[in-house]
Amino acid sequence: MSAVTPLGIPDVGPRRLADLPAPSLVTELPGPNARAAIARDRAVVSPSMGRVYPLVPARAEGCVVEDVDGNRFLDANAGIAVNSTGHCHPTVVDAIQRQSEKLLHYCSSDWYLPVYAQLCERLVATAPAGMGAAQVFLGNSGTEAVEGAIKLARYATRRPNVIAFLGAFHGRSLGSLGLTASKSKYRGGFGAMPAGTLHAPYGDADHIERVLFEHLTAPDDVAAIIAEPIQGEGGYVVPPADFWPALRRICSEHGIVLIADEVQSGIGRTGRMWAIEHEPVTPDVILAGKGIASGLPLSAIIAREGLMSWGPGKHGSTFGGNPVACAAAVATLDLVERGLMANAASIGTRLLAGLHAMAARHDAIVDVRGRGLMIGVEFADHDAAAAIEQRCFETGLLVLTCGRSAIRIAPPLVIDADRADKVLSIFERVVSEVSASGL
Ligand code: PLP
């Protein structure tokens, strides 16, 4: 048996890319190969994808991303919280290779796949005890999990309406787009959204009873309330402590299904398997996606005991729970449970402390918040946050904006103290530069 490091990573000796210093920039950005790749891309790829800066990755390991010109970047974004175990974690790659030699696909909606059930068992074991003997449906993407959960809630309650929150992001297919309320541009031009969706301010559960139930929907017409335990796209916003208990009370009083959308916050990112575990409540449904399979497409609807009353054919998916993605997810859960979740908690504390101290030194930073490795840094306005994002890229640090004027820090969960300190030092240098430029 090979030795295992404290983070649960098999000790495979020096790993070339993951261990190299980053950032290390060897060309102007974008470099010549990146410029050529971008030109080809622009000719044929849907222009709906709003690329944030000209990064063209060629390979990546751990927290290091190398582009097509050999520039190395330090990744504090993880492909938007997807590369949870770090890029190309050897344990995950090994699980993918082994599974792909045995079975690439056989439609899980019609036949039995042992690795599908194995992953569902593992997810059930992670669910809060209050969910009882939970059951799981696997899909391919976050939006597919959201759509399935709304179908499930409507089916189980035979009610039409769903309540979501301003600032929420739940996906871009038509059903989930009706719930998404982070930016109006996501909806603009697409006509009427599905009927029966209502929104309340995030963090203000009182609004549901005072305004929505009073004026817009009878509670017994509401199938579900769906919320992110920490709002992601909306700005990495941690809700007030009384928010989730109030949602739980409202749902329990009126027979409404409470859905925690953990597509971004789940799988150990906040230092616990599910961000909802930081709240004193048990949801009826947990949705997972993004980081669940370390980069392979997979999502999950985890529903409390008894909720999945739907019968055969009521819901399915050709590719959902593909065996290769399932094998990657089982390996991901192993790594997260055996060390990465604890690492997210301790490195997250280090990053949060460093950022709070930074905020005290820089007026440009107006707020720092988050849990574990899901951290938001708020600036005065959108232009400042966008300039920070851009300048970080030019300096070799990968970050992404969120909300109106925040930067999200969401590195792979394998990040160690040295890399975290590097993130802090580069970020502070960039904040100083951008502040000095008058933004
Ligand atoms: N739910 C949340 C909380 C998300 O952050 C996202 C994506 O960012 C989604 C749902 C949609 O996921 P996908 O892009 O995989 O459809």
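Here is a short set of notes to help you find your way around this predicted model.

1. **Two domains.** A good place to begin is the overall layout. The protein is split into domain 1, made of two stretches of chain (32-88 + 339-436), and domain 2, which covers 92-334. Between the C-alpha centres of domain 1 and domain 2 there are 26 Å.

2. **Where the domains touch.** On the domain 1 side, 27 residues are in contact with 26 residues of domain 2. Which elements of domain 1 supply at least two residues each to this side? They are α2 (78-81), α9 (323-361), β11 (365-371), β12 (374-379) and β15 (406-409). Helix α9 gives the largest share, with five residues. Sorted by class, the side of domain 1 that touches domain 2 holds 14 nonpolar residues, nine polar ones and four charged ones.

3. **Helix α11.** Now follow the chain to residues 417-436, which form helix α11. Its 20 residues reach 29 Å from the first C-alpha to the last, close to the 28 Å expected at 1.5 Å a residue. The buried residues of α11 are R419, A420, K422, V423, F427, V430, V431 and V434. Why do they belong to the same side of α11? Because they cover an arc of only 165° around the axis. The face turned away from that buried side carries the exposed residues A417, D418 and A436.

4. **What α11 packs against.** The partners of the buried residues of α11 are β3 (72-75), α9, β11, α10 (382-395), β13 (397-398) and β15. Two of these names, β11 and β15, also appeared in point 2, as suppliers of residues to the side of domain 1 that touches domain 2. After α11 comes G438, with a positive phi near 95°.

5. **C63 and its contacts.** Please take a look at C63, in the loop between β1 (57-61) and β2 (64-67). Is C63 buried or exposed? C63 is buried, because 26 other C-beta atoms lie within 10 Å. Setting aside neighbours within four places in sequence, C63 is in contact with L74, D75, G86, P411, P412, V414, I415 and R419. One of these, R419, is also among the buried residues of α11. By way of a longer-range check, C63 and A288 are 225 residues apart along the chain, and their C-alpha atoms are separated by 22 Å.

6. **Helix α8.** Helix α8 (residues 243-254) can be read in the manner of α11. It has twelve residues and reaches 17 Å from its first C-alpha to its last, close to the 16 Å expected at 1.5 Å a residue. F243, W244, L247, I250 and C251 are the buried residues of α8. They are on the same side of the helix because they cover an arc of only 125° around the axis. Exposed residues S252 and E253 sit on the face turned away from the buried side. The cover over the buried residues of α8 includes α7 (206-216), β7 (222-227) and β8 (257-261). Just after the helix, G255 takes a positive phi of about 65°.

7. **Around the ligand.** There are 14 residues around the ligand, and those that come nearest are S141, G142, T143, V263 and Q264. Which helix gives the largest share of this shell? That is α5 (residues 142-157), with three residues. By class, the shell has three nonpolar, eight polar and three charged residues.

8. **Backbone details to inspect.** Finally, a few spots deserve a look at the backbone. The peptide bond from A22 to P23 is cis, with omega near 0°, and a cis bond also joins L29 and P30, where omega is about -10°. P23 is in the segment before α1 (32-44), and P30 lies in that segment too. I80, in helix α2, has a positive phi near 60° although I80 is a residue other than glycine. I80 counts as partly exposed because 15 other C-beta atoms lie within 10 Å. K290 is not a glycine either, yet its phi is positive, about 35°. This residue lies in the loop between β9 (285-288) and β10 (299-303), and K290 is buried, with 28 other C-beta atoms within 10 Å.

Conventions
Residues numbered from 1 in each chain as written. Predicted model: local features only at pLDDT ≥ 70, side-chain atom pairs only at ≥ 80, totals over all residues. Domains from an automatic or database assignment. Contact = placed C-beta atoms within 7 Å. Helix = DSSP H or I, 4+ residues; strand = E, 2+ residues; numbered from the N terminus. Nonpolar A, V, L, I, M, F, W, Y, C, P; charged D, E, K, R; others polar. Expected span 1.5 Å × (residues − 1). Buried ≥ 20, exposed ≤ 12 C-beta atoms within 10 Å, placed from the backbone. Arc of directions from axis to C-beta. Near = placed C-beta within 6 Å.
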